[in-house]
Amino acid sequence: MKHKSLILWGILAFLAGCSAPKTGSKTTLNVWHWMTDRQSAFEELAARYETQTGIKVNFELYAPSDAYTQKVRAAAQGENLPDVFGILDKKSDFASFVKAGHVLDLSPYMKENTEEWKNKFFPKALAVNEFTEGNSYGVNPGIYGAPIDVMTIQMLYNKDLFQQLGLDPRSPPQTFTELLDIGKKIKAANLQGMVSGWGEVWMIDCFANNYAFNLMGEAKVLATVRGEVPYTDPDWVKVFALFKDLQDSGMLASGLVTMINKQAEQLFANGNAVFAFNGSWCVNVYKSMNPKLNYGAFLPPQISDAYLMRIWGGAGSSFLVNAKSKNKDEAVKFLKWLTDDGQQAYLAEATSNLPANRNSLKDIPPILAQFSEAMETSTHPSTWGVSEFSAVIEAFDKGIQSIIIGEKTPEQVAQEVQKIKERELARKKAK
Amino acid sequence: MKIKSTLENYLFVLPAVTIFTVFYIIPFVWVFQLGLTDWDGILPTKQFVGITNFKEILFQDPIWWQSMLNAGYITLIALTFQNALAFLLAWACDREIRMKNWFKVIFFIPPVLSEVVVGLVWQWILNGNYGLLNHWLVRLGLSNLAHNWLSDPKTALTTVAIIHSWKGFGWGFLIFLAGLQTIPRELYEAAHVDGANAWHSFRKITMPLMVPVIVLVAILTVLGTMQAFVLIIAMTGGGPAYHTQVPVLRILASMRGSSRFGYACAQGITFGVVLIIISFIQYRFSKRAKA
């Protein structure tokens, strides 16, 4: 009898432990992210938010970004995404998350109080998270994420090495020809030219697209993505050919085609390369690697006067609210608070990243200001409304690597990329 | 009574069967099922496409077959260079040499190191700009040999294969050593009395008795090397261009880069079939060698 009552009490205690939390207990928001350099700043902001509202926010860091991406996908498949998360994938994958019902449309919240929240952001930062009317992804129009910072990707130069080469450290090259001439000087001085994460391929895509916009304009680039202009078009061949010119001039650092961005950042920060092609996040990275690095930023030099040079920029990182979360209203409130002027200014100061809130740009370092000024000329594939096939992007990027290592000609690569494009278009049509 | 006894027996193997079914059979069936769809890994809908993915792999994906050839080349280096080195070192350590226990420990260090760490350290050593290897080549007056080992398409794959062999030879060494130690010493003593020299003993005693061990190491080497990818990601990321791409990297590229989970599953199945065929051929060869 004694044993039976003990077992009964044990079962009751177990069931009590398994029951749902009591109503009125403190809400805890879970946020998943991949930003190693921002974890301590996020934790500080979470502590401030808890003091102000009593709501606890857990920032859970999963790095590197590849592992994070896998975790988010697995969680989406298992229907256990956290209250707030980010997506690092392409716009087409972002669209799949939305269509699967994982992401809350923030438009109604953005529109409250005469669009008070929406107006705080750089429009280009919001555009990355937006699906417009009649978008090619078949997603209901709306804004599905809140940007927390913005970025632009530009060229950087080491002012001390410029002086060593007999160049004016206040005047970075303005034209592509000037850039190639500097490449010859770099080669003669046995220095390393430009470093970048071109082993990770997406940065090659970014560099090539800058020049595609410059050579043929936005309309033709987007027509190519839609399949209306072939990659064998002479303008695209010129884009491929500029990589050969860069390689031949000595502008590209040795080993660039297998270099990951972290290595490139180390080389540039340690004064081992004259140029770098990197995003605005590099300000924080270089500061931690070499606070005395004397460098400046500039737009990639124009190769043509036909069209404006457009660099990649817009939202760096964004947070989305899980549409299936029971805390979604609290999560939206938290995102509003996180992207408000004071918190954004703190994040910019603590992490040297460009804030997504345009009211928080005061007091940023001069080099970061150079990056923010370029925001006006920026573009991003996520805002184009159409996405290139992944297989085409891969063939495009790997083809450029082949040109750099002298294995293929620009014409050969153009033909190969077009062949893949036609295959993918046929596959899409067959669906 | 007999039924009870049979049920009892089944009960004993039930946990193992359950674990095997849940963690091997069911995932395998799912992977095969997904290989017949065009699932993107996110949407809940999976469109059935039949054997389209398999047809694309077989007839329209030359990069996949190039990656297979690359893996084959790395495997060939591992089978020859890595296993010959492992066998020679095991043979040396099996003899009465000084400090042999110390050597055993040293030779087993590379396999226990993390592949990412090994990849990054070797990438640093082989770096064309500031790498140790080039530094020493220049200091030794061999500056014409100094270049970017991992970015040059002529040397990238071979370099990766050699580093993979360096990383993996310790396993073969250990298995060969265990095999050599099972050979009765009396056989060597008898051969010595009969006038056999070291080469004769090696050819007539060591080699025949080591055939099963050599076959085992060869099968493990092929299966392990064909599936290598961590070291390659850390060293070259599969580049330059497609020169160090291997099948597992292609599967990852389909899953993560292209969001084609269905296609990635079909690649996984195809790759598995190729590995089974290779293992079967090796098994047939080993049977013939034993005979």
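In this predicted model, the domain assignment splits chain A into two parts, each built from two stretches of sequence: domain 1 covers 28-150 + 315-381, and domain 2 covers 152-313 + 386-430. Taken over C-alpha atoms, the centres of the two domains of chain A sit 28 Å apart. Where they meet, domain 1 of chain A puts in 24 residues and domain 2 of chain A puts in 18 residues.

On the domain 1 side of that contact, helix 4, helix 15 (366-373) and strand 12 (378-379) of chain A each chip in at least two residues. Helix 15 of chain A gives the most, with 4 residues. As for chemistry, this side of domain 1 of chain A breaks down into 9 nonpolar, 11 polar and 4 charged residues.

Helix 4 of chain A, one of those contributors, deserves its own look. Spanning residues 91-99, helix 4 of chain A is mostly covered, with 8 of its 9 residues buried. The buried set runs through Lys91(A), Ser92(A), Asp93(A), Phe94(A), Ala95(A), Ser96(A), Phe97(A) and Val98(A). Among the elements doing the covering are helix 3 (65-77) and strand 4 (130-131) of chain A. After helix 4 of chain A comes Gly101(A), with a positive phi near 80°.

Then there is the contact between chains. Here chain A supplies 28 residues and chain B supplies 24 residues. The chain B side that touches chain A is made up of 13 polar, 9 nonpolar and 2 charged residues.

Conventions. Residues are numbered from 1 along each chain as its sequence is written. Chains are lettered from A and ligands numbered from 1 in the order in which they are written. This is a predicted model: local features need pLDDT of at least 70, side-chain atom pairs count only at pLDDT 80 or more; totals for chains, interfaces and linings use all residues. Two residues are in contact if their C-beta atoms, placed from the backbone, lie within 7 Å. Ala, Val, Leu, Ile, Met, Phe, Trp, Tyr, Cys and Pro count as nonpolar, Asp, Glu, Lys and Arg as charged, and the others, Gly among them, as polar. A residue is buried if 20 or more other C-beta atoms lie within 10 Å of its own, exposed if 12 or fewer, and partly exposed in between; C-beta atoms are placed from the backbone. Domain bounds come from an automatic or database domain assignment.
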